[in-house]
Amino acid sequence: MDYINAFWVGGLICALSQILLDRTKLMPGRVMVLLVCSGAILGALHIYQPIQDYAGAGASVPLAGFGNLLWKGVKEAVDKEGFIGIFLGGFKASAVGICAALVFGYLASLICEPKMKK
Amino acid sequence: MDRKKQQEAYENYVKQKTPVHNLPVNMTKAFITGGIICAIGQSVLNYCEKMGLDKDISGGWTSMILILLSVVLTALNIYPRIAKWGGAGALVPITGFANSVAAPAIEFQKEGQVMGIGCKIFTIAGPVILYGVFTSWVLGFLYWIGKIAGII
């Protein structure tokens, strides 16, 4: 059952983003930024977490889940450390994603030759 | 008169060359692609939770494995094909983020370690990280004020 929930919620987020791509002049990069920011805001409004509890990876894998993760990290750090937590929490929570993307991306650039575009 | 005809011909040419978006078809493709990626993520998540890892660490493993998969597929030049078919379905999940990091790093390696790979690796990841961190900072600041004021 959790696979079905992850599939349709994740799919729905992607399908809605496709509307943005096709119907507006937003470039892919902007759509990604928009999703991360809206994920953080929806997280702060206590809307995103219930969706994530229902859909699991269907909500955490899309970039909106990355935004929610940033917000959750900041909130937890503020609860624990006070003011300095505002600066601490976001990067701490998103560290795995950012570090993995950078490290693997860099390793790939060492190993691979650029491909010609067809 | 001749000029008008020329303009008309040009407009027709542009119309012909502009790709026609079939939104329902593209949305279905995005739905399927995104859904499959999320279902793969769910399988990693379930496996980690079965191994007794806590929720945050399982989420970390899920992101890490999806990112690794995406970078490998990018390096093998397979991810661009998935993205071409799946559109937003391949762009929006964290795999799209990993692709946007790895692809320019590979493409611009000839321009050097610092100005090539080092700068270009952040072409899309930079804005995403900047605005994500900034948004969460502002929200965190508001949350902190709310806590001090005793509202939250």
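Partly exposed, in this notebook, means a relative accessible area between the buried limit of under 20% and the exposed limit of over 50%. I needed that straight away for Tyr3(A), which comes out at 37% and so counts as partly exposed. I am working from a predicted model, so every value below is computed.

**Entry 1: Tyr3(A)**

I looked up where Tyr3(A) sits, and it is in helix α1 of chain A, residues 2–23. Which residues does Tyr3(A) touch, leaving out those up to four places away in sequence? I got Ala39(B), Gln42(B), Ser43(B) and Asn46(B). I also checked Tyr3(A) against Gly56(A): they are 53 residues apart in sequence, and their C-alpha atoms are 8.7 Å apart.

**Entry 2: Asn46(B), from the other side**

I then went to one of those partners, Asn46(B). I found Asn46(B) in helix α2 of chain B, which covers residues 23–50. With residues up to four places away set aside, Asn46(B) touches Asp2(A) and Tyr3(A). Within chain B, I looked at the pair Asn46(B) and Thr62(B), which are 16 residues apart along the chain and have 9.4 Å between their C-alpha atoms.

**Entry 3: the A/B contact as a whole**

How many residues does each chain put into the contact? I noted 64 residues from chain A and 67 residues from chain B. The area buried between the two chains is about 5700 Å², and carbon and sulfur atoms give 77% of that. On the chain A side, I wrote down Phe7(A), Met32(A) and Val61(A): they supply 11% of the area that chain A buries against chain B, more than any other three residues.

**Entry 4: chain A overall**

I counted 6 helices and 0 strands in chain A, so to speak a plain run of α-α-α-α-α-α along the sequence. The C-alpha trace spans about 50 × 35 × 35 Å along its principal axes. Of the 118 residues in chain A, 49% are buried. I looked at contacts in chain A with a separation of 6 or more, and residues 24 or more positions apart account for 47% of them. Chain A exposes about 6000 Å², with 72% supplied by carbon and sulfur atoms. For charges, I have 10 positive and 7 negative side chains in chain A, and the centres of the two sets lie 12 Å apart.

**Entry 5: His46(A)**

I went looking for odd backbone angles and stopped at His46(A). Its phi is near 60°, a positive value in a residue other than glycine. Where in chain A is His46(A)? I placed it in the loop between α2 (28–44) and α3 (48–55). The relative accessible area of His46(A) is 58%, so I call it exposed.

**Entry 6: chain B overall**

Chain B has 8 helices and 0 strands. Its radius of gyration is 22 Å, well over the 15 Å that the globule rule gives for 152 residues, so chain B is more spread out than a compact globule. I also have the spans of the C-alpha trace along the principal axes: about 75 × 45 × 40 Å. Buried residues make up 39% of the 152 in chain B. Among contacts in chain B between residues at least 6 apart in sequence, 52% join residues at least 24 apart. The exposed area of chain B is about 9000 Å², and carbon and sulfur atoms supply 67% of it. I tallied 13 positive and 8 negative side chains in chain B, with 5 Å between the centres of the two sets.

**Entry 7: two asparagines in chain B**

I started with Asn77(B), where phi is near 65°, a positive value in a residue other than glycine. Asn77(B) is in the loop between α3 (55–75) and α4 (79–86) of chain B. Is Asn77(B) buried or partly exposed? At 24% relative accessibility, I put Asn77(B) down as partly exposed.

Then I turned to Asn99(B), which is in helix α6, residues 94–107. Asn99(B) has 17% relative accessibility, and buried means under 20%, so I list it as buried. Which residues does Asn99(B) touch, not counting those up to four places away in sequence? I wrote down Ser70(B), Thr74(B), Tyr79(B) and Pro104(B).

Notes:
Residues are numbered from 1 along each chain as its sequence is written. Chains are lettered from A and ligands numbered from 1 in the order in which they are written. This is a predicted model: local features need pLDDT of at least 70, side-chain atom pairs count only at pLDDT 80 or more; totals for chains, interfaces and linings use all residues. Side-chain values use heavy atoms; hydrogens and water are left out. Helices (H or I, at least four residues) and strands (E, at least two) are DSSP runs, numbered from the N terminus. The radius of gyration is taken over C-alpha atoms; the globule rule is 2.2 Å times the number of residues to the power 0.38. Buried means under 20% relative accessible area, exposed over 50%, partly exposed in between (1.4 Å probe, protein chains only). Contact means heavy atoms within 4.5 Å. Accessible areas come from the Shrake-Rupley method with a 1.4 Å probe; for residues, only the protein chains shown count as cover. Lys and Arg count as positive and Asp and Glu as negative; His and the chain ends are not counted. The place of a charge is taken as NZ of Lys, CZ of Arg, CG of Asp or CD of Glu. Buried area is the accessible area (1.4 Å probe) that two parts lose on being put together, summed over both.
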